[in-house]
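Colleague: Could you take one part of this model and go through it slowly, in a way that a first-year student can follow?

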Amino acid sequence: MSQAKPVNLMQGFSRRLFLSTTVAMVLAAFFSLMVTVSEFNAGLRPFLEDKARAVAVAVQRDIEYAMEIGIPFEEIRGLDEHVDELIAAHPEIKGMRVVALTDAAERAMGQAGMGADPSPSAGSFASNIIEEIRSVAATLLGRSSGIDVVSVNVARYGVALARVEATIDETYLNGKMTSIFFDTLVILIAVALVALEVVVVVSASQLTEPFRLAETALNKRVVGDLRQYQVGRGSRLIMRFIQRLNAQNAHLRDRLTDAASKLKQGAKRTALEAFGQKRFLYVTDARTGASIMDARIPLFVFSFAEELHKSFLPLFVAEFHTESDLFARDIMMGLPISAFMFVIAVFTPFAGRLVDKFGNKTLFMAGLIPAIAGYLICYFAGSANDILIGRSMTAVGYAVITISSQSYIAAVVPPENRARGMAIFVGVLMTATMCGTAIGAILADWLGYKPVFLIATAFSMLAGLLGWSMLSTDLPAPEAKKSPAGASRSPIAILMRNTQFVLIVLLCAIPAKVILTGVLYLFVPIYLASLDASQSEIGRIMMVYSLIIIPISPLASGFADRLGKNLWMVIGATVMSGIVLLGLYQSASVAAVLAVVAALGVVHACLKAPLIVAAMEAAEQSPDITRTGALSLLRTSERIGSVIGPVVVAALLVVLDYGQVAAIIGVCVAALGLIMALLSLKRGKGAAHA
């Protein structure tokens, strides 16, 4: 009981630190968002007023010029058409009219867009929220709401004959406010997630883990265990404290050894040696000082850089497509995604072997070279062929870095917590995906497509610096399994001998990747673009997928660990992911796409980590496959779905509409999941009878 209290204390401290940091960031984000909206409103409205006044002055001068050349004001023709053209050319202006002033009476001679306001609809919900926030912010900060109508007088010989009135379009203003609201919200969410990653890593490496090691050393010393305790990394004070304990234990061990060596064989010497064995004086704690936290931030930064272009890559390829490119424009839009996944699938087995040979840290650093080269090729690209080459280069680095990071995490996590360890890996990737996809879309909207690849290059370099300083080389050696006599070492041969692994890959892993790359990365951006969604909106909707996975995946993986039924969670999630896609059938709206993407996030959160664990459990039944080898085989095999996903979706879109394509893919994926369930039940009954 006394040993459990310090652990609970540290867990409570970490939880309170995390919650307090989260609350502080949420409050800061809220006030930052409110101030940003208010400042944007205060800065934008004067420009709109100036624009409306300039257009009204243009109409005023046209009318005055007509009167100067002898056309009476009452006989000016075509004024309505002229005002209509100005309204169409300037969307910031809702309406304009020219009001004649005669004997205190007013008569409209030219007007456009001055009808009654349309009634509020469900589509204006976001704008209404923005309007409420803007009003609250303006009240709290003392901002004026400005004016809605700008007017100038038309005069002849100093007598006002008419008045030109221009009305600012509040819908246009709210649209801009909505855009800046969500852009700011996305940036704040990304910053908050990065800050939480830093808080988690720093608190774990500098507080939780060092105190845990100190507590372990003290508890062992209390019960008379005088071994050399694990020192770890982090707090220097705690490291020195544990080293001091080790020095005292070593001093006692040396004195005991010297005393025993001076005695001849006998009862006293035997008693001294037995005492040393009983108190573990000759034992050194062999556990490594490495932890999952070492890889979190370097992997996050690199994944963030890689995800920056996800929301616009098909549109980027379409913009730079030329007649000299390898294939037609429609095919080339999905080809860089397929090529990226194909290169990863081909190179992943080699990456796994290189990790076992050279180490995780070395391969992480080496993988940055082709990754950065690929980003620079895309930046200087002049055609879709160049983009294809650049993405293929980056794929080599991505394969090396992800396998090295995944193997690093698998090496330091105990077997009983594998699902949670893989959930951390998945969570880092999903957090980076969410932040990178949304921020990349905003940057592309502001700066254009190509500068985003320069930003990705800078973040990749930062990932290299972090990896060099944080990743440890003190990892457990890969498990060495002896192959049966005459057994083949070919990964393909190993895969074909393991029926359970093959079924998981073919019926669950590959369909999941088809949905990810074919539907989310290709189908969703193109479909949303056809629905007139902006680049920022596309990025925000794609961001929802990762935003949902981040909090749900750890809960689902913890549930899978307690339940011990990773395979059945994978099967259920596979079936549900197919059913979810049916929601796009005959539902051509941005809201429907958003709902489906959110539902896919929930389903895949229950799929990702259990899929890795289920595949590893199946692969480890083979006596000639290592931990890294199992991961490499899984990553290589599931990339088949990543390669064929964009190709299949692009081919279906040539002959079918968007809703039909989504329905066909959904039905096929759900059917594969049901087949896997039936085969698993059959195998379970066969094993029970055996």
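What follows is a close look at one buried region, set within the chain as a whole.

Colleague: Please look closely at Ala214 and Asn246: in which helices do they lie, and are they buried or exposed?

Modeller: Before turning to these two residues, please keep in mind that this is a predicted model, so every value below is computed from predicted coordinates. The chain has 690 residues, of which 50% count as buried, and its secondary structure consists of 21 helices and four strands.

Ala214 is found in helix α4, which runs over residues 170-222, while Asn246 belongs to helix α5, which covers residues 236-262. Ala214 has a relative accessibility of 10%, and because buried means under 20%, Ala214 counts as buried. The reasoning for Asn246 follows the cut-off of under 20% as well, since its relative accessibility is 7% and Asn246 is therefore buried.

We can next ask what each of them touches. If we set aside the residues within four places in sequence, Ala214 is in contact with Ile238 and Ile242. For Asn246, leaving out residues up to four places away in sequence, the partners are Arg227, Gln228, Tyr229 and Val231. Val231, one of the residues that Asn246 touches, can also be related to Ala214, for the two are 17 residues apart in sequence, and their C-alpha atoms are 8.2 Å apart in space. Across the chain, if one takes the contacts with a separation of 6 or more, 80% of them are between residues 24 or more positions apart.

It helps to set this buried region beside the surface. The chain exposes about 31,900 Å², and carbon and sulfur atoms supply 65% of that area. On the surface, Val23, Leu27, Phe30 and Phe31 form a nonpolar patch, and together these residues have about 410 Å² of accessible area. Phe30, a member of that patch, is placed in helix α1, which spans residues 4-68.

A patch of another kind is negative and is formed by Asp80, Glu81, Asp84 and Glu85. Within this patch, Asp84 has its place in helix α2, made up of residues 79-89. Its relative accessible area is 41%, and because this value falls between the 20% limit for buried and the 50% limit for exposed, Asp84 is described as partly exposed. To return to the starting point, Ala214 at 10% and Asn246 at 7% both count as buried, whereas Asp84 is partly exposed.

Methods:
Residues are numbered from 1 along each chain as its sequence is written. This is a predicted model: local features need pLDDT of at least 70, side-chain atom pairs count only at pLDDT 80 or more; totals for chains, interfaces and linings use all residues. Side-chain values use heavy atoms; hydrogens and water are left out. Patches are made of residues with over 30% relative accessible area and no salt bridge: like charges are joined within 9 Å, nonpolar side chains (Val, Leu, Ile, Met, Phe, Trp, Tyr) within 5 Å. Accessible areas come from the Shrake-Rupley method with a 1.4 Å probe; for residues, only the protein chains shown count as cover. A salt bridge is a side-chain nitrogen of Lys or Arg within 4 Å of a carboxyl oxygen of Asp or Glu. Helices (H or I, at least four residues) and strands (E, at least two) are DSSP runs, numbered from the N terminus. Buried means under 20% relative accessible area, exposed over 50%, partly exposed in between (1.4 Å probe, protein chains only). Contact means heavy atoms within 4.5 Å. Lys and Arg count as positive and Asp and Glu as negative; His and the chain ends are not counted. The place of a charge is taken as NZ of Lys, CZ of Arg, CG of Asp or CD of Glu.
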